[in-house]
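User: I'm new to this one and would like to go through it slowly. Could you show it to me before we start?

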Amino acid sequence: MTATCNSSAREFSPIEYSDGVLRMIDQRLLPGEEVWLEYTDFRAVAEAIRTMVVRGATAIGVAAAYGAWFGARDIEAEDFAGFWTKFEEVCDLLAATRPTAVNLFWALERVKSFVRANDNQSVVNLKIGLEYEAIAIAAEDIRTNRAMGKNGAPLLPDGARVLTHCNAGALATGGYGTALGVIRAAVAAGKKIAVIADETRPWPQGARLTAWELQRDGIPVTLICDNMAGYLMSRGEIDCCIVGADRIAANGDVANKIGTYTVAVLAKEHGIPFYVAAPLSTIDMSLPDGSHIPIEERGAAEVTHSGDRQLAPEGIAVRNPAFDITPARLVTAIVTEQGVAKGDLAAGLRALAGQGR
Ligand code: MRU
């Protein structure tokens, strides 16, 4: 793995791939430093996902697909059975990095299905096919986000002041973004949109990443601490909320960054629409409701410290769940690439997922 700098002006993607090398912007260092790290090994890609060099539901799916290709490339096996055993080990290691965002498992299942469906092919051909599969997953992610943007943009009125939580932008995806993709599409359609970005403690994705990428695009953005959203809502300063998702259960319950549930409760109290933008690959139809979604617990230092500075007394007990569940009843609509589910979210998601097949 090596580090380089890059200040390209073309459409931004946090994950770039060419000639067998994966490059990812180190999201831990933004906005202070724009450092790109290079990867050619699946174990290093797994570590990058675990340590949040790359983060965001679909971005980690894309990274894992490239990781699977690197793992496959290095497998020494003569026949399908030998290849499959080792390939499963590669995928298992990549899957063990983060538990909540289903896109990671979706991407790994997709590359495994590709291998299973081609069990009559030579090992050389399987390796070639897996590289194409990873490239396709990355390209589809951007297309999907653009389609979501088109479907979701009509929900945002001209002049809207839109609250978002965490980072559901280009940085969280292969490019363009989910919730920020909807905002980008509304802006591209000529609407005047002002974004209010929650800081998103304890790993301030809002302050560091959402603020960085919207400012870079020239989209007006105002940063607030997480505990300020209710006050702004009570003063009529927020017209709607839009967030991304890490996993959505069949009934429409939404797992997203910790604090999302609080925003949704506040939105309900103030009669403000609460929208979620997520691709069909984020919908986990195997889970009846959000109580079954595994929630990642992260280290105490993220809560006790701000950067290197210790905020809390030594030895204090800490909880650090990284995600929470917003019940479907608090969600006004879910925007997907196939259309928008509203009202009966369970029925809406079933219909949209059916069209996506
Ligand atoms: O812990 P993170 O930064 O990976 O969490 C990311 C989020 O919660 C995003 O809101 C989510 O992935 C939706 S955007 C694809």
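**Charged pairs and a sheet**

Analyst: A good place to begin is a network of salt bridges that links R98, E296, R298 and E302. Please keep in mind that this is a predicted model.

User: Okay, and how many salt bridges does the count come to?

Analyst: The count comes to 17 salt bridges. As general background, side chains carrying opposite charge can pair when their charged atoms come close.

User: Back to that network, what is the N to O distance where E296 and R298 meet?

Analyst: The side chains of E296 and R298 form a salt bridge with an N to O distance of 2.8 Å.

User: Are those two buried or exposed?

Analyst: E296 is buried, since its relative accessible area is 8%, and R298 is also buried, with a relative accessible area of 19%, a value that counts as buried because the cut-off is under 20%.

User: And what does E297 pair with?

Analyst: E297 meets R319 in a salt bridge between their side chains, at 2.5 Å from N to O. This pair links distant parts of the chain, 22 residues apart, with R319 in the loop between strand 14 (309–310) and strand 15 (323–326), and E297 in the loop between strand 12 (283–284) and helix 10 (301–304).

User: How exposed are they, then?

Analyst: R319 counts as exposed, at 61% relative accessibility, whereas E297 is partly exposed, with a relative accessible area of 44%.

User: What about D26, which residue does its side chain meet?

Analyst: The side chain of D26 meets that of R28 in a salt bridge of 2.9 Å, N to O. D26 counts as buried at 4% relative accessibility, while R28, at 38%, counts as partly exposed.

User: Switching topic: which strands form the open sheet, and in what order?

Analyst: The open sheet is formed by 4 strands in the order 12-9-10-15, and their pairing is mixed. Strand 12 and strand 15 are the edge strands, each of them pairing on one side only.

User: How does strand 9 join strand 12?

Analyst: Strand 9 (residues 247–249) and strand 12 run parallel and are joined by 2 bridges, and I248 stands opposite I283 in strand 12.

User: Which helix packs on the sheet, and what does it touch?

Analyst: Helix 9 (residues 260–269) packs on the sheet, where it touches strand 10 (254–257) and strand 15, and the direction of helix 9 makes about 30° with that of strand 15.

Terms used: Residues are numbered from 1 along each chain as its sequence is written. This is a predicted model: local features need pLDDT of at least 70, side-chain atom pairs count only at pLDDT 80 or more; totals for chains, interfaces and linings use all residues. Side-chain values use heavy atoms; hydrogens and water are left out. A salt bridge is a side-chain nitrogen of Lys or Arg within 4 Å of a carboxyl oxygen of Asp or Glu. Buried means under 20% relative accessible area, exposed over 50%, partly exposed in between (1.4 Å probe, protein chains only). Two strands pair if DSSP finds at least two bridges between them. Contact means heavy atoms within 4.5 Å. Axes are lines fitted to C-alpha atoms, for helices over the stretch in contact, and angles run from 0 to 180 degrees between N-to-C directions.
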